Amino acid sequence: MSVIAIVIVILLAVAGAGSAAAWLLDRLFDGGGRQRIYLVAPMTADAENAEQTLRTLAVACKERGCRGMKAVCLDCGMDEETRAVCERFCRDHGGPVLLTRDEFADAFTGTNKL
């Protein structure tokens, strides 16, 4: 019985050390917060699983801690139903933003800050 307990403790210690190393590397190499990473989900007309795609982006952003990461739902000619789903999700969850192609391009020219 004590051998099993020792093995479990060792496995938990290794997992904890790996998690601590990942956290430390994330903090060391984050670029001082100057970098911005955009997770973009281009949505077209009749985009099936639009909400699932946005949920995936939100989870990816949350796992990273949202430091320097922004989820964008990009309007690439979506229909009214898809737009309603994206607007509702972005409003309810606060993380992702709904942008047109021009608004997204403006974010890189400096006229629109995301």
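Begin by selecting strand E2, helix H3 and strand E3, which together make a right-handed β-α-β unit in what is a predicted model. Helix H3 spans residues 80-93, and strand E3 covers residues 97-100.

Next, keep E2 (69-75) on screen and add its neighbours. Strand E1 (37-43) pairs with E2 in the parallel sense over seven bridges, and here Ala-41 stands opposite Cys-73. E3 also pairs with E2 in the parallel sense, in this case over four bridges, with Leu-99 as the bridge partner of Leu-74.

Now colour E2 by its two faces. In a regular strand the side chains alternate between the two faces of the sheet. On one side of E2 lie Met-69, Ala-71, Cys-73 and Asp-75, on the other Lys-70, Val-72 and Leu-74, and both sets are buried, so that seven of the seven residues of the strand are covered in this way.

Then select Cys-73 and show what surrounds this residue. Leaving aside residues up to four places away in sequence, Cys-73 touches Ala-41, Met-43, Leu-54, Met-78, Cys-86, Cys-90, Val-97, Leu-98 and Leu-99.

From there, widen the selection to the largest nonpolar core, which has 16 residues, and in which Met-43, Leu-54, Leu-57, Cys-73, Met-78, Cys-86 and Leu-98 touch the most other members. The elements giving two or more residues to this core are E1, helix H2 (50-64), E2 and H3.

Finish with a second, separate core of five residues, whose members include Val-72, Leu-74, Cys-76 and Leu-99; Val-72 and Leu-74 belong to the E2 face that also carries Lys-70.

Key. Residues are numbered from 1 along each chain as its sequence is written. This is a predicted model: local features need pLDDT of at least 70, side-chain atom pairs count only at pLDDT 80 or more; totals for chains, interfaces and linings use all residues. Side-chain values use heavy atoms; hydrogens and water are left out. A nonpolar core is a set of buried Ala, Val, Leu, Ile, Met, Phe, Trp, Tyr and Cys residues joined through side-chain atoms within 4.5 Å. Buried means under 20% relative accessible area, exposed over 50%, partly exposed in between (1.4 Å probe, protein chains only). Contact means heavy atoms within 4.5 Å. Two strands pair if DSSP finds at least two bridges between them. A crossover is right-handed if, with the strands pointing away from the viewer, the path from the first strand over the helix to the second runs clockwise.
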